[in-house]
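I opened this notebook to look up how the ligand is held and what pockets there are. My entries follow the structure shown here.

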Amino acid sequence: MTSSPLDVAVERLAKAGRVLVITGAGVSAESGIPTFRGAGGLWEGFRAEELATPGAFAEDPERVWRWYRWRRGICTEAAPNPAHRAIAAMDEVYPGFLLATQNVDGLHPRAGSRRLVELHGNIHTGRCTECERIAPLPREVEPADAPLPRCPDCRGLVRPHIVWFGETYWPGVMEEAWAFAEHAEVALVAGTSGMVHAPIAIADHARSRGAFLVDVNPAFTEVGARADAWLEGPAGEVMPALWERVAEARA
Ligand code: OAD
């Protein structure tokens, strides 16, 4: 009898000591947060590429902040789903663990993930455009047309601490994920189209160093094409089912 991709993934995760998880927008889809591409991939009628750019912010910061405050409201209202919780449970169990997420919605930390790197930043964090002070935004989301946020230190204009189109990663962020990938035994990717190259490069790097690559996605993507096991289905169902079996096997 041949083993299913799920069986093989369970076996590898049951034996592993160092696990890298990479997530994308699909992991938050079941929390009601739209993904970037595909059906429903519009944020208030705008493609992310139109407003999440340094050029758009320089031209009209009010408009960009209106959009981000609206998005922040959606992220605040949303709750972590079983996929976020399964990943947080993995964080508690593996001696070596890192979650590298492309998601800026903050749902992973809210689910309890601790060893994580937010590759694209966090929508609830601001950064001064003058002195680069990074600080949490007010817990209560400001009204969309509230005055632009200013740095308490230098009065510079604050922007969302997010990697925008055309920008490079914040220093240290990619390096941390890359260094962990070097020695990961399993790299589990969930809910990403693979259209943004850098996170996929991390997964490729892990695989080239010997990691077993698992992809969780209802669609067959660039990632699934490279994976040793493609687990087809929504992350909110596949991840807890996978983790239940792994936790049982490790017990
Ligand atoms: P995308 O919108 O490109 O892809 C979402 C992926 O999630 C697709 O492959 C879907 O098939 C999959 N998906 C949908 N529902 C799912 C579910 N319930 N469970 C699992 N997978 C599901 O989002 P990302 O790959 O995250 O960057 O996009 C990467 C980056 O593109 C984002 O972080 C963003 C954007 O530019 C920045 O804003 C810097």
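How do the residues of the shell around the ligand divide into nonpolar, polar and charged? I found ten nonpolar, ten polar and two charged residues in that shell, where Ala, Val, Leu, Ile, Met, Phe, Trp, Tyr, Cys and Pro count as nonpolar, Asp, Glu, Lys and Arg as charged, and the others, Gly among them, as polar.

I note that this is a predicted model, in which local features need pLDDT of at least 70 and side-chain atom pairs count only at pLDDT 80 or more, while totals for chains, interfaces and linings use all residues. Residues are numbered from 1 along each chain as its sequence is written, and side-chain values use heavy atoms, with hydrogens and water left out.

**Ligand.** I looked up the 22 residues around the ligand (a heavy atom within 4 Å of it), and those that come nearest are Ala25, Glu30, Arg37, Thr192 and Ser193. For polar contacts (pairs of N or O atoms within 3.5 Å), I noted a polar side-chain atom of Thr192 at 2.5 Å from a ligand oxygen, and a polar backbone atom of Ala25 at 2.7 Å from an oxygen atom of the ligand. I also found an N or O atom in the side chain of Asn217 at 2.8 Å from a ligand oxygen. Taken alone the ligand exposes 790 Å², of which the protein buries 89% (Shrake-Rupley method, 1.4 Å probe).

**Largest pocket.** I then checked where the ligand sits, and it is in the largest pocket (more than half of its atoms lie within 2 Å of the grid points). A pocket here is an open set of points on a 1 Å grid over the protein atoms alone, where a 1.4 Å probe fits, with protein on both sides within 12 Å along at least five of seven lines; lining residues have an atom within 4 Å of a point. The volume of the largest pocket is about 760 Å³, and of its 37 lining residues Ala25, Phe36, Arg37, Gln102 and Val196 are the closest to its centre.

**Second largest pocket.** I recorded a volume of about 290 Å³ for this one, with a lining that includes Arg72, Asn122 and His124. The largest share of that lining, three residues, comes from α5.

Definitions and conventions:
A polar contact is a pair of N or O atoms within 3.5 Å; within protein, one must be able to donate a hydrogen and the other to accept it, and residues adjacent in sequence count only if both atoms are side-chain atoms. Grid points are joined across faces, edges and corners, and a volume is the space filled by probe spheres set on the points. Helices (H or I, at least four residues) and strands (E, at least two) are DSSP runs, numbered from the N terminus.
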